[in-house]
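Hi everyone, thanks for coming. Please have a look at the picture with me, and we'll walk through a few parts of it together.

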Amino acid sequence: NKDNLIKIYKALQMARGFENACNQQYMQGKIRGFMHLDNGQEAIPGLVDYAIKNGDKKYSYYREHTHAIASGVDPGAVMAELFMKETGTCKGAGGSMHIFDKSTYFQGGWALVSEQLPYAAGAAKSILIDRALGVSDNENFEKQDVAPPADDDRISIVFVGEGGAQNGRTAELLNSAAKDNLPLLLLVIDNGRAINTYTSDVATNGSVFDQGKHYGVPGLQVDGYDAADVAKGGKAVIDYV
């Protein structure tokens with residue numbers, strides 16, 4: 001509906017505007033070190049803002065500024081982190097590729113390809129353990145002997161590029177998720193190339209969303225250039241997980 005589309009559009013504009021500002025500051029030498037921008041992939045933070053909840057555990061790769069902001073992390077704190085300021089999400093020590101925010105369960109950008117995948121699986125497993133043990137997080141994010149609500153629908157979501165999806169960790173993740181029926185969403189952002197390596201140069205099958213079939217894990221392909229398609233398809237998958 002119109003209200004949802006406006007909400008998604010605002011998230012797209014925030015993502016593009018933030019990354020453009022980062023680019024300007026980087027070109028002026030005010031942001032240093034490595035920096036990977038997300039321009040053209042704004043439909044993903046649009047989905048996160050639209051359908052992912054605060055309590056969901058989130059793991060991203062090194063192009064994660066917009067994922068963090070869409071998860072509810074303060075944009076000023078993210079920018080401060082890029083400027084190596086004390087007010088940054090990691091007090092300026094993490095930089096562009098390592099945004100972290102405990103209050104939104106945004107557990108970092110990870111610099112190495114596919115490095116984040118096993119951690120996301122562990123986070124999904126921790127949700128099941130919370131339910132089994134009857135424990136939950138208190139206001140200080142420490143475990144307390146209070147059971148999660150009966151309608152606890154938290155998930156773990158992990159972002160990876162299609163290059164990372166060809167990594168062996170992806171197979172391990174899918175096997176683990178299937179074996180333990182983990183509440184885990186693997187979101188592959190497929191732009192056809194891993195930096196300068198085209199998918200067809202390293203893989204005989206570029207249909208990443210089909211990789212889970214062997215493990216009984218369903219996949220869905222959506223059009224990343226259509227934010228409404230990403231939001232509708234993504235919401236359906238999130239509800240399924």
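Let's begin with what covers the buried residues of helix H1: the cover includes helix H2 (43-51), helix H3 (65-70), helix H4 (75-82) and helix H9 (227-240). Keep in mind that this is a predicted model. Which residues of H1 are buried? They are Ile8, Ala11, Ala15, Phe18, Glu19, Cys22 and Gln25.

Now follow H1 from end to end. It takes in residues 2-27, 26 residues in total, and spans 37 Å from the first C-alpha to the last, close to the expected 38 Å. At its start, Asn1 brings a side-chain oxygen to within 3.2 Å of the backbone nitrogen of Asp3. After the helix comes Gly29, with a positive phi near 80°.

Next, the sheet. In what order do its strands lie? The order is E2-E1-E5-E6, four strands in an open sheet with parallel pairing. E2 and strand E6 (184-189) are at the edges with a single partner strand each, so each has one side without a neighbour in the sheet. From one strand to the next, the twist averages 10°.

Let's zoom in on one pairing. Strand E1 (residues 57-60) and E2 run parallel and are joined by two bridges. If you find Lys58, you will see Phe106 of E2 opposite.

Two helices lie across this sheet. Helix H5 (residues 117-133) crosses E1, strand E5 (156-161) and E6, and runs at about 165° to E5. Helix H7 (residues 168-180) lies across E5 and E6, at about 155° to E6.

Last topic: aromatic rings. A pair of them is described by how far apart the centres are and by the angle of the planes. How many aromatic pairs does the structure hold? There are three, and I'll show you two of these.

Tyr105 and Phe141 make an edge-to-face pair, with 5.6 Å from centre to centre and 80° between the planes. This pair links distant parts of the chain, 36 residues apart: Tyr105 is in the loop between H4 and strand E2 (106-109), and Phe141 is in the loop between strand E3 (136-137) and strand E4 (143-144). Tyr105 is buried, at 13% relative accessible area, while Phe141 is partly exposed, at 31%.

Then there are Trp110 and Tyr119: their ring centres are 4.4 Å apart and their planes at 25°, so this pair is stacked. Trp110 is buried at 17% relative accessible area, and Tyr119 is partly exposed at 44%.

Thanks for listening!

Definitions and conventions
Residues numbered from 1 in each chain as written. Predicted model: local features only at pLDDT ≥ 70, side-chain atom pairs only at ≥ 80, totals over all residues. Heavy atoms only, no water. Expected span 1.5 Å × (residues − 1). Buried < 20%, exposed > 50% of the residue type's maximum accessible area, 1.4 Å probe, protein only. Contact = heavy atoms within 4.5 Å. Polar contact = N/O pair within 3.5 Å; in protein donor to acceptor, adjacent residues only side chain to side chain. Phe/Tyr/Trp six-rings, centres within 6.5 Å; stacked < 30°, edge-to-face > 60°. Pairing = 2+ DSSP bridges. Axes fitted to C-alpha atoms, helices over the stretch in contact; angles between N-to-C directions.
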